[in-house]
Amino acid sequence: MLAYSLGLPHPLDATFLCALAFPAASGIINVYIQSTGDAAMKTLLIQNIASLVSCDDEDRVYENVDLYAENGVIRAIGQNLDKAADETIDARHMLCYPGLINTHHHLYQQFSRNLPQVQNMELFDWLKTLYEIWKNLDENVIRLSSLTGMGELMKHGCTTCFDHHYVFPAGAGDLIGTQFAAASELGIRMHCSRGSMDLSVKDGGLPPDSVVQTVDEIMKDSARLIETYHDASFGSMRHVALAPCSPFSVSAELLRQSAILARQYHVRLHTHLCETKDEENYMLEREGMRPLAFMQTLGWVGPDVWYAHGIHFNDEELKLLADTGTGVCHCPISNMKLASGIARVPEMLKLGVPVGLGVDGSASNDGSSLMEELRVAYLLHRLNSSREAPSGYDILKMATRGSARLLGRNDIGTLAPGKCCDLFLIDSRRLELVGACFDPKSVLATVGVRGAVDYTVVHGKITVKGGHLATIDEEKTALDAQRVCEGYLAR
C-alpha cells in the first residue's frame with residue numbers, strides 16, 4: 001500500500017481537536033490528534049438571527065437566536081449568548097442557512113460560455129467543438145476562471161466547491177495547484193479532482209491528442225497531487241479526488257487503476273455517468289454493456305464513489321446505487337441546456353440513493369449559482385413528478401447535507417455545535433421576499449433569491465459582505481479575467 005502523507009498545506013488552529021476521517025470500504029475510521037500550533041483563537045458572534053435553518057437530523061429551525069464560533073467551529077446556538085468575539089454580525093431580520101455545497105463543476109469552462117456556435121448542440125458534438133478551445137488552457141486562464149467562477153458561487157451562498165478538472169494540455173503547468181491557490185485567495189473550501197483522459201479521437205474517444213495522457217503519467221501525477229494537497233482532517237479546506245472524465249474518453253485500465261490508487265490513499269472517486277442516450281449507445285456498442293454495469297466491473301461502486309448527472313439509470317441500477325451507497329450529483333440546469341434528460345431524483349431519494357446538487361461546467365450552465373439550481377430543481381421535478389416531487393426543503397437538504405455526504409464529509413452541511421461554521425445570511429426584508437418567508441425552510445427553492453446573499457461565512461471567516469467578495473478586489477479581478485478570456489478565445 002502506498003504511504004499516506006499527513007503533510008498539511010496550512011497550519012491547524014491551536015488547542016483544536018482535529019478528527020481525521022479516512023473513508024474505507026468497511027466504514028469510517030476516526031483518528032484524533034491534538035494540534036500544537038500557537039495561532040491565536042479567532043471568534044465570531046452572529047446575533048439576533050431571525051430564523052436559522054439547521055438542516056440537522058431533527059430538521060430544527062431556530063427563531064431569534066445567536067450563533068457563536070471559535071476557530072471556524074460552531075460552539076453554541078442559543079438566545080442571548082453572552083460572548084465576546086473578534087467579529088460580530090447583527091443578523092436581525094436575517095435568514096441563516098448552512099453553506100451550499102457544489103459537488104460538480106468545471107471551472108475552466110468559465111471562459112467558454114454563451115458561445116453562439118454551440119448553443120443548440122447536444123453533448124458529444126458540443127464537447128468535440130469546445131475541446132478545440134480548451135486545448136489552449138494555461139495557469140493564467142485556470143487562475144482567473146477559478147476566481148470568477150468560485151467568486152460567483154460564494155456570492156450566492158456556496159461555501160464548498162468540488163471542481164472536476166480533466167483537461168491537462170502538455171506544458172500547461174500546475175493547474176490543480178493554481179486552483180487551490182485561487183480558492184485560498186477567496187477563502188472557499190475546495191475539493192479538486194485529478195481528472196484524466198487517455199482516449200483521443202484516434203483511439204475512438206472525443207478529445208484531441210494534445211489533452212490526453214498515458215495511464216502511467218496520470219497515476220504518477222495523481223499520487224503527487226494527493227500527497228501534496230489532500231488534507232483529511234476535520235475542517236479541512238483542501239481535498240483531492242480522482243476523477244477520470246467519462247467512460248467514452250478513458251480506457252478501462254485507467255478507470256481500474258484510478259479506483260485502486262484512490263482506495264490506497266483513501267480519497268474519493270468521481271466521473272460523469274449515464275448523462276445521455278448517446279453515451280449509453282456508445283457503451284453498448286464498445287463494451288456490450290450499459291455504463292453502470294461496465295463501471296461496476298472496474299470497482300466503481302460504493303460509498304466512496306459519486307457520479308455526475310445519472311439521468312438514464314434504469315430501475316435495477318437505481319437499486320444498485322441505493323444498496324451500495326453510490327452517490328449522484330444532480331445538475332438540472334446543465335441537463336436542460338444540453339437536452340440530456342431529467343434525472344429520476346424523486347425515486348433516488350425514496351430509495352435512499354445519496355444525492356447532492358451541482359452547477360456543472362460554466363459552459364453547460366452559463367452561470368455558477370447553486371442558489372439558482374435550487375429553484376430550477378424544485379420546479380423541474382414539480383413539473384415532471386407532481387406530488388412525488390421533493391419539497392423545497394428537500395432540495396435545500398440535497399444542496400447541503402446531501403452534497404456533504406457525496407464528498408465524504410460530516411463536518412459541513414448542517415448548522416450545529418461541533419460543525420464547521422459555514423453559512424450564509426439573507427435579509428428577509430428584501431423587496432423580492434416580501435410576504436414569502438412564512439416557511440424559511442423552503443423559500444430558497446420555491447420563491448428563490450435574486451442577486452447576491454448578504455453574508456457568506458466559511459470556517460468562521462466572512463468571505464462575502466454586503467453582497468460583495470470580502471477577500472479579493474472584485475472589480476480588478478473581473479477586468480483581468482475579461483482581458484485574459486479575450487486573449488484565450490483569440491488563440
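Buried means under 20% relative accessible area and exposed over 50%. The model described here is predicted.

**Helix α8**

Helix α8 spans residues 315–324, and its buried residues are E317, L318 and L321. Viewed down the axis of α8, these fall within an arc of 105°, so they line one face of the helix. The face turned away from that buried side carries the exposed residues D315, E316 and D323. Cover for the buried residues of α8 includes α7 (291–297), β13 (305–309), β14 (327–330) and α10.

Both ends of the helix have a feature to check. At the start of α8, a side-chain oxygen of N314 comes to within 3.2 Å of the backbone nitrogen of E316. G325 follows α8.

**Cores**

The largest nonpolar core has 117 residues. W134, M150, Y307, F313 and L444 have the most contacts inside it. Helix α1 (residues 123–134) gives the most to this core, with eight residues. Another core, of 21 residues, lies apart from it; L67, I89, L415 and L425 are among them.

F313 touches residues including L318 and L321, as well as Y307, L292, V328 and M348. Two arginines, R290 and R344, are also touched by F313.

**Positive phi**

| Residue | Phi | Place |
|---|---|---|
| N80 | near 55° | loop between β5 (73–78) and β6 (87–90) |
| A339 | about 55° | loop between α9 (332–337) and α10 (345–351) |
| G325 | near 70° | follows α8 |

N80 and A339 have positive phi without being glycine. Is N80 buried or exposed? With a relative accessible area of 69%, N80 is exposed.

Key. Residues numbered from 1 in each chain as written. Predicted model: local features only at pLDDT ≥ 70, side-chain atom pairs only at ≥ 80, totals over all residues. Heavy atoms only, no water. Helix = DSSP H or I, 4+ residues; strand = E, 2+ residues; numbered from the N terminus. Buried < 20%, exposed > 50% of the residue type's maximum accessible area, 1.4 Å probe, protein only. Core = buried A, V, L, I, M, F, W, Y, C linked by side-chain atoms within 4.5 Å. Contact = heavy atoms within 4.5 Å. Arc of directions from axis to C-beta. Polar contact = N/O pair within 3.5 Å; in protein donor to acceptor, adjacent residues only side chain to side chain. Lists of a residue's contacts leave out its neighbours within four places in sequence.
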